[in-house]
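Got the viewer open? Let's take a short walk through this one, one selection at a time.

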Amino acid sequence: MIDPNRGNAPLPNQDMPADVAADYHEAATIAALSPKAAAALLRLAIQKLCLHLGGEGKNINSDIGTLVKKGLPPIVQKSLDVVRVIGNNAVHPGQIDADNTEIVGHLFHLVNLITETMISTPARVEALYDSLPKSVLDGIAKRDSEKNL
């Protein structure tokens, strides 16, 4: 089998860190059989992703708070919290139904959105910015240094 059974889960973002993508792939292979297990794995994936984004990796809720203080976009904070809460409820029963394939399907999209917003888009912008002529970059640097006077 070239592509393992991944159900309806979208492919992970190509810029997703390898350790995060491994959990994402595992969640995709079991989502149809056990949405709760998939939700728990996606929660683990974002905990690892938070570490890549500057968190400590010990407590996901604290990491999200730290990232918010560093300027995390609200849409990313909300996405992280949705995956965190639903994933937590998958292993610690609460009021949210984590045993729902539709909800878990949305979690896959949110993990990709977080990766796109925090890793892929900044990398593309940096690459384009760095491709500008040196004279233009020097002019921008001069402009920005004048603002700080």
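Start by selecting proline 73, which sits in the loop between α3 and α4 (74-91). Bear in mind as you click around that this is a predicted model. Is proline 73 buried or exposed? Neither quite fits: its relative accessible area is 28%, so proline 73 counts as partly exposed, since buried would need under 20% and exposed over 50%.

Keep proline 73 on screen and show what surrounds it. Leaving aside residues up to four places away in sequence, proline 73 touches Thr117 and Met118. Try a distance label between the C-alpha atoms of proline 73 and threonine 117: you should get 8.8 Å, for two residues 44 apart along the chain.

Next, the rings. Select tyrosine 24 and phenylalanine 108, and show their side chains. Why is this pair called edge-to-face? The ring centres are 5.1 Å apart and the planes sit at 80°, and planes over 60 degrees apart count as edge-to-face. The model's count of aromatic pairs comes to one. Now colour by helix: tyrosine 24 belongs to α1 (residues 18-30) and phenylalanine 108 to α5 (residues 101-130), so the pair links distant parts of the chain, 84 residues apart. Switch on a surface, and you'll find that both tyrosine 24 and phenylalanine 108 are buried.

From tyrosine 24, stay on α1 and add α2. The axes of these two helices are 8 Å apart, and the angle between them is about 170°. That makes α1 and α2 roughly antiparallel to each other. To see the contact, show side chains on both helices. On the α1 side, pick out Asp19, Val20, Asp23, Tyr24, Glu26, Ala27 and Ile30. Facing them from α2 are Pro35, Ala37, Ala38, Leu41, Leu42, Leu44, Ala45, Lys48, Leu49 and His52. Colour this contact by residue type and you get 12 nonpolar residues, one polar and four charged.

Last stop: hide α1, keep α2 (residues 35-52) and bring in α3 (residues 60-69). Here the axes come within 10 Å and cross at roughly 45°, so α2 and α3 are oblique to each other. The crossing is left-handed. Which residues meet here? Select Arg43, Ile46, Gln47 and Cys50 in α2, then Ile60, Asp63, Ile64 and Leu67 in α3. With the residue-type colouring still on, the contact of α2 with α3 shows five nonpolar residues, one polar and two charged.

Definitions and conventions
Residues numbered from 1 in each chain as written. Predicted model: local features only at pLDDT ≥ 70, side-chain atom pairs only at ≥ 80, totals over all residues. Heavy atoms only, no water. Phe/Tyr/Trp six-rings, centres within 6.5 Å; stacked < 30°, edge-to-face > 60°. Helix = DSSP H or I, 4+ residues; strand = E, 2+ residues; numbered from the N terminus. Buried < 20%, exposed > 50% of the residue type's maximum accessible area, 1.4 Å probe, protein only. Axes fitted to C-alpha atoms, helices over the stretch in contact; angles between N-to-C directions. Parallel < 35°, antiparallel > 145°, perpendicular 65-115°, else oblique. Left-handed = near helix turned anticlockwise from the far one by under 90°. Contact = heavy atoms within 4.5 Å. Nonpolar A, V, L, I, M, F, W, Y, C, P; charged D, E, K, R; others polar.
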